[in-house]
Number of protein chains: 2
Amino acid sequence: MAVTIKDIATRLNISVSTVSYALNGGPRPVPEAVRERVLEAARELNYRPNRVARSMITGRSHTIGVVPPGITHNVFLSPYLQHALSGVANAANDLHQDLVIFTRFEAADTEAMLGYLLDGRVDGAIFIAPSLSEDATRQLAASGLPCVCVSIAPHEGLPSFSPDNEGGIRLVMEHLFALGHRRFAHIAGRPEMDDAIARRGGFEAFLRSQSLPCPPESIVNGDFTMEGGALAMAELLRRGSGATAIVCANDEMAVGAMHTVQAAGLRVPEDISITGFDMSPYSGIVQPPITTVSQPVIEIAAAATSALVALVEGQEPPASRVFPTELVVRASTARPQEDLLIP
Amino acid sequence: MAVTIKDIATRLNISVSTVSYALNGGPRPVPEAVRERVLEAARELNYRPNRVARSMITGRSHTIGVVPPGITHNVFLSPYLQHALSGVANAANDLHQDLVIFTRFEAADTEAMLGYLLDGRVDGAIFIAPSLSEDATRQLAASGLPCVCVSIAPHEGLPSFSPDNEGGIRLVMEHLFALGHRRFAHIAGRPEMDDAIARRGGFEAFLRSQSLPCPPESIVNGDFTMEGGALAMAELLRRGSGATAIVCANDEMAVGAMHTVQAAGLRVPEDISITGFDMSPYSGIVQPPITTVSQPVIEIAAAATSALVALVEGQEPPASRVFPTELVVRASTARPQEDLLIP
DNA sequence: ATGAAAGCGCTAACAT
DNA sequence: ATGTTAGCGCTTTCAT
């Protein structure tokens with residue numbers, strides 16, 4: 001049996017309340033002499049406070065629940081998630097919060113997931129790039145559990161901390177356009193994810209703004225993985241879209257796409273320019289390094305975490321925030337070949 | 001105030017114990033009719049069981065604590081940790097366990113860390129490549145908290161699930177030796193980490209087994225990161241060790257080292273062969289792809305997790321297990337140049 | 001200044 | 001078959 005404050009109380013012939021106040025340094029004053037004896041007894045008995053019991057009373061666990069996107073096996077292998085988790089962990093540490101990560105995939109079932117989130121172990125939840133149904137969002141709001149969202153919130157009422165997805169895509173496309181590209185293709189992300197939707201929207205919006213056509217065959221869905229990007233690129237080549245620039249919704253897909261292009265005997269960037277999004281480590285170490293858009297994922301996730309903790313502590317719901325993105329020009333983009341140039 | 005079983009009991013004019021048994025489907029039998037009414041009332045009231053209260057009684061939280069290595073900022077960015085976490089998460093999911101990840105860095109302080117681990121929220125702990133003091137290990141054992149270790153256990157009594165580090169290094173070195181290499185250098189990992197120590201030991205052992213010299217200047221410490229590998233390689237070049245093959249303790253350092261070599265105007269593998277360890281995604285996408293050793297991190301971590309859960313459930317402490325490694329030959333290794341060959 | 005006691009929401013032993 | 005009640009370990013109100 002573990003040592004409890006009652007053991008300390010018995011040993012010192014004082015009441016448990018005094019022990020509790022001595023251990024917590026308040027709120028009721030405890031004479032220094034008593035305090036010292038309590039602390040010493042605690043040390044001798046090797047006492048460890050039971051936080052579960054404490055949180056039953058205080059109703060606070062000082063623990064934040066993290067819900068990764070599209071809960072599936074091997075969740076931790078996505079560079080995006082890794083950076084988001086790092087940001088959450090950094091901020092949680094500064095704010096003295098612990099993290100429970102919800103990796104119970106069967107909980108993709110909304111009802112079960114709500115059960116996990118609302119079972120009293122966490123004070124609030126951070127959703128990372130979720131694809132939440134409107135119903136789930138509503139139930140979550142009704143439950144009163146403080147929540148925030150890293151990435152675009154799928155529905156009203158969930159404070160959102162996201163990169164400027166459309167703006168980022170505009171940056172790469174302006175860069176490609178300035179180089180002379182006029183025929184673009186897009187490898188989109190998982191169609192149920194809101195950031196993927198926003199990036200695709202940015203692609204279409206730019207073409208519209210330049211009065212360029214945007215035939216349906218110039219867009220193909222990937223799944224944000226290298227393999228998905230490689231397959232999507234193969235599909236584009238098969239379609240013979242004639243695009244000189246491939247705008248990918250993230251870096252992993254760009255790496256995969258570049259691999260397909262190179263395996264087909266084409267050169268990047270001489271024959272085809274490729275761009276990514278996220279500035280993941282992969283994009284910088286492949287040959288050629290990939291032109292991409294950096295978004296401050298770690299800061300975004302940290303800001304979301306701080307906002308969540310403020311919310312838990314009773315402050316006003318934070319305003320959603322959109323973070324700026326930056327163009328990172330590297331060697332995977334160049335002028336299209338002369339004979340492909342459209343005057 | 002949240003809905004409790006008492007609310008359900010009051011509403012149906014029955015006792016809380018009946019509600020509890022109905023909700024849990026036992027152990028006391030509850031007539032089907034009553035059960036149905038309870039379930040319906042629970043649904044109507046939107047009742048959610050409070051697991052904190054339950055775990056106070058049962059003493060089980062069905063939650064596992066995960067302690068990452070060398071707790072520091074941005075922990076999640078290490079590919080090794082990502083794979084280990086994936087394995088833990090996969091198994092935890094299958095075994096219906098939740099995960100709390102200990103990212104409270106200040107807890108690097110042993111006493112504080114023990115406090116976190118023993119505050120009642122987790123049923124057991126998984127240490128990933130820890131650098132635990134002997135004292136910490138002893139206290140942990142004394143506490144009775146079930147623990148296992150992914151990687152070599154730093155001390156007796158902690159069941160360990162690790163790759164065959166020495167064997168893996170032997171595999172790459174036999175490969176290099178067969179190619180004709182006779183002058184080797186080693187970029188070691190963080191000297192306080194046991195896997196790093198074992199790999200370095202493997203390097204020295206192989207040289208000894210071939211009666212080759214192992215001058216101290218042929219080994220330099222890195223920190224398992226790309227930057228660390230790049231710096232370590234720069235140091236090796238400065239020392240002019242004349243090594244034709246660089247054996248790195250992991251892939252990130254191999255990528256960094258290769259970058260330094262190429263930036264110095266040397267070619268891989270023509271001028272210098274480089275090998276990694278872990279088969280991380282990076283090693284496969286750089287140019288040239290890096291010859292490495294694959295270890296089944298995900299399976300190792302999953303096995304450790306299963307063993308921990310068995311331990312929590314009162315079974316015998318699991319035996320430590322060493323997992324085989326495999327050589328993955330890629331393009332970063334080749335015969336040394338003729339004029340460098342030692343007859 | 002400090003002790004006694006009431007719970008937090010739940011399970012399980014004890015009654016009936 | 002089912003109701004009553006004693007805790008789990010702790011914080012906090014109420015007495016003294």
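**Chain A, whole**

Start with the contacts of chain A. Among those with a separation of 6 or more, 70% join residues 24 or more positions apart. Keep in mind that this is a predicted model.

Switch to a cartoon of chain A. Chain A carries 13 helices and 12 strands. Turn the chain along its principal axes. Its C-alpha atoms fill a box of roughly 95 × 40 × 30 Å. The radius of gyration of chain A is 26 Å, whereas a compact globule of 343 residues would have one near 20 Å.

Now put a surface on chain A. The accessible surface is about 14600 Å². Carbon and sulfur atoms hold 55% of that area. How many of the 343 residues count as buried? The share is 54%.

Colour chain A by charge. There are 26 positive and 37 negative charges. The mean positions of the two sets lie 5 Å apart.

**The two copies**

Bring up chain B beside chain A. Two copies of a chain are related by a rotation about an axis and a shift along it. Here the rotation is 180°, and the shift along the axis is 0.0 Å. With that operation chain A superposes on chain B at an RMSD of 0.1 Å. The two copies are therefore related as by a two-fold rotation axis.

Which C-alpha of chain A is nearest the axis? Select A:Val100: its C-alpha is the one, at 2.1 Å from the axis.

Next, select the interface residues of chain A. Of these, 100% are also interface residues in chain B, so the copies meet through the same surface.

**A:Pro281, a stop with a cross-chain contact**

Select A:Pro281. This proline sits in helix H12 of chain A. Is A:Pro281 buried or partly exposed? Its relative accessible area is 29%, so A:Pro281 is partly exposed. Show what A:Pro281 touches, leaving out residues up to four places away in sequence. The partners are A:His83 and, from the other chain, B:Tyr282. For a distance check, pick A:Asp123 as well. A:Pro281 and A:Asp123 are 158 residues apart along the chain, and their C-alpha atoms are separated by 33 Å.

**The cis bonds**

Stay in chain A and move on to A:Pro288. This residue lies in the loop between helix H12 (281-285) and strand E10 (292-294). Look at the peptide bond from A:Gln287 to A:Pro288. That bond is cis, with omega near -10°.

Jump to chain B and select B:Gln287 and B:Pro288. A cis peptide bond joins them, and omega is about -10°. B:Pro288 is placed in the loop between helix H12 (281-285) and strand E10 (292-294) of chain B.

**Two histidines with positive phi**

Select B:His62. What is the sign of its phi? Phi of B:His62 is positive, near 55°, in a residue other than glycine. B:His62 belongs to the loop between helix H4 (51-58) and strand E1 (63-67) of chain B. With a relative accessible area of 33%, B:His62 is partly exposed.

Go on to B:His96. Its phi is about 60°, again positive although B:His96 is not a glycine. Look for B:His96 in the loop between helix H5 (79-94) and strand E2 (98-101) of chain B. At 46% relative accessibility, B:His96 counts as partly exposed.

**Two buried residues in chain B**

Select B:Thr18. Helix H2 (residues 16-24) of chain B holds this threonine. Its relative accessibility is 19%; buried means under 20%, so B:Thr18 counts as buried. Now show its contacts, setting aside neighbours within four places in sequence. B:Thr18 is in contact with B:Arg28, B:Val30 and B:Val34.

The last stop is B:Gly189. Find B:Gly189 in the loop between strand E6 (184-188) and helix H9 (194-209) of chain B. Its relative accessible area is 1%, so B:Gly189 is buried. Which residues does B:Gly189 touch, not counting those up to four places away in sequence? Display B:Ala196, B:Asn221, B:Gly222, B:Phe224, B:Ala249 and B:Met253. Then add B:Thr4 to the selection. The C-alpha atoms of B:Gly189 and B:Thr4 are separated by 53 Å, with their positions 185 residues apart along the chain.

Conventions:
Residues are numbered from 1 along each chain as its sequence is written. Chains are lettered from A and ligands numbered from 1 in the order in which they are written. This is a predicted model: local features need pLDDT of at least 70, side-chain atom pairs count only at pLDDT 80 or more; totals for chains, interfaces and linings use all residues. Side-chain values use heavy atoms; hydrogens and water are left out. Helices (H or I, at least four residues) and strands (E, at least two) are DSSP runs, numbered from the N terminus. The radius of gyration is taken over C-alpha atoms; the globule rule is 2.2 Å times the number of residues to the power 0.38. Buried means under 20% relative accessible area, exposed over 50%, partly exposed in between (1.4 Å probe, protein chains only). Contact means heavy atoms within 4.5 Å. Accessible areas come from the Shrake-Rupley method with a 1.4 Å probe; for residues, only the protein chains shown count as cover. Lys and Arg count as positive and Asp and Glu as negative; His and the chain ends are not counted. The place of a charge is taken as NZ of Lys, CZ of Arg, CG of Asp or CD of Glu. Copies are superposed by least squares on the C-alpha atoms of residues with pLDDT of at least 70 in both.
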